[in-house]
Amino acid sequence: ALPDLTTAHADLCPTLKEQSARVGELLIAKINGLSSNRDGRTEVANHNSIVETRELTKHYGRLLALNDCTLTVRRGEVFGLLGPNGSGKTTLIRLLMGFLRPTRGGATIDGRDCHRESVAVHSGVSYLPGDVRMFRAMRGRDVLTFFARLRGESTAARSVGLAARLGLDLSRRVSQSSTGMRQKLALAAVL
């Protein structure tokens, strides 16, 4: 079964705190748990945490996109990142994924530095952006097989099982699927 919502966090970072409660973007990220080998890792203050940021800040030239974001997500906790457009959600996620270099501060996922150890972070994190593009001519099953092989898995059995739980028709072409069905397919592919 999918995890129950145990805790929802909003307005943890000063940039987000100043915004209204309107939802601007939904991001779903699943932390799979990385290797327990700590050799070469950046230590974190709280060993019960899976995600930590410390004064994480990002400037794009003169534009301040994220300002002094400090947060902790504990192991087993479900974390929701909500806020209106322009509040820094995407910037925070891109920093956590190591796609961007922070202007100041730092972040770790399972003790790994998100910028310096981004490849290792990627091996244990599933990331689903808000705007997903898939091969429209492919059938659902082929999409799942493609992404499983991309991850180095021999079969797409896990993804196909999740797709069945989500009620997906994997024989249907992506182009013939509704937006909701394409989103479910993408979720099955990344989890």
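## Exercises on rings and strands

The charged end of K58 lies over the ring of Y60, 5.4 Å from its centre. The model behind these exercises is predicted.

**Exercise 1.** Classify the pair formed by the rings of F99 and Y127, and place both residues in the chain.

*Solution.*
- Step 1. A search of the whole structure gives 3 aromatic pairs.
- Step 2. For F99 and Y127, the ring centres are 5.7 Å apart and the planes meet at 70 degrees. Planes over 60 degrees apart count as edge-to-face, so this pair is edge-to-face.
- Step 3. F99 sits in the loop between α2 (89-96) and β4 (104-109). Y127 belongs to strand β6 (residues 125-128). The two residues are 28 apart, and their pair links distant parts of the chain.
- Step 4. Partly exposed covers the range between under 20% (buried) and over 50% (exposed). F99 has 44% relative accessibility, so F99 is partly exposed. Y127, at 22%, is partly exposed as well.

**Exercise 2.** Describe the geometry of the pair F135 and F146, then find the cluster that holds these residues.

*Solution.*
- Step 1. The centres of F135 and F146 are 5.3 Å apart, with 85 degrees between the planes. The pair is edge-to-face.
- Step 2. F135 lies in the loop between β6 and α4 (140-150), and F146 lies in helix α4. They are 11 residues apart, and the pair links distant parts of the chain.
- Step 3. The relative accessible area of F135 is 45%, so F135 is partly exposed. F146 is partly exposed too, at 34% relative accessibility.
- Step 4. Ring pairs join F135 and F146 with F147 in a cluster.

**Exercise 3.** Work out the strand order of the open sheet of 4 strands and say which strands stand at the edges.

*Solution.*
- Step 1. The order is β3-β2-β4-β5, and the pairing is antiparallel.
- Step 2. β3 (63-74) and β5 (112-113) each have a single partner strand, so one side of each is left without a neighbour in the sheet. These two are the edge strands.
- Step 3. β3 pairs with strand β2 (residues 49-60) in the antiparallel sense, over 8 bridges.
- Step 4. L56 gives a residue to check: its bridge partner in β3 is C69.

**Exercise 4.** Which strands does α2 lie across, and at what angle does α2 run to β2?

*Solution.*
- Step 1. α2 lies across β2, β3 and β4.
- Step 2. The angle of α2 to β2 is about 115 degrees.

Definitions and conventions:
Residues are numbered from 1 along each chain as its sequence is written. This is a predicted model: local features need pLDDT of at least 70, side-chain atom pairs count only at pLDDT 80 or more; totals for chains, interfaces and linings use all residues. Side-chain values use heavy atoms; hydrogens and water are left out. Rings of Phe, Tyr and Trp (its six-membered ring) pair if their centres lie within 6.5 Å; planes under 30 degrees apart count as stacked, over 60 as edge-to-face and the rest as tilted. Buried means under 20% relative accessible area, exposed over 50%, partly exposed in between (1.4 Å probe, protein chains only). A charge sits over a ring if NZ of Lys or CZ of Arg is within 6 Å of the ring centre and within 35 degrees of the ring normal. Two strands pair if DSSP finds at least two bridges between them. Contact means heavy atoms within 4.5 Å. Axes are lines fitted to C-alpha atoms, for helices over the stretch in contact, and angles run from 0 to 180 degrees between N-to-C directions.
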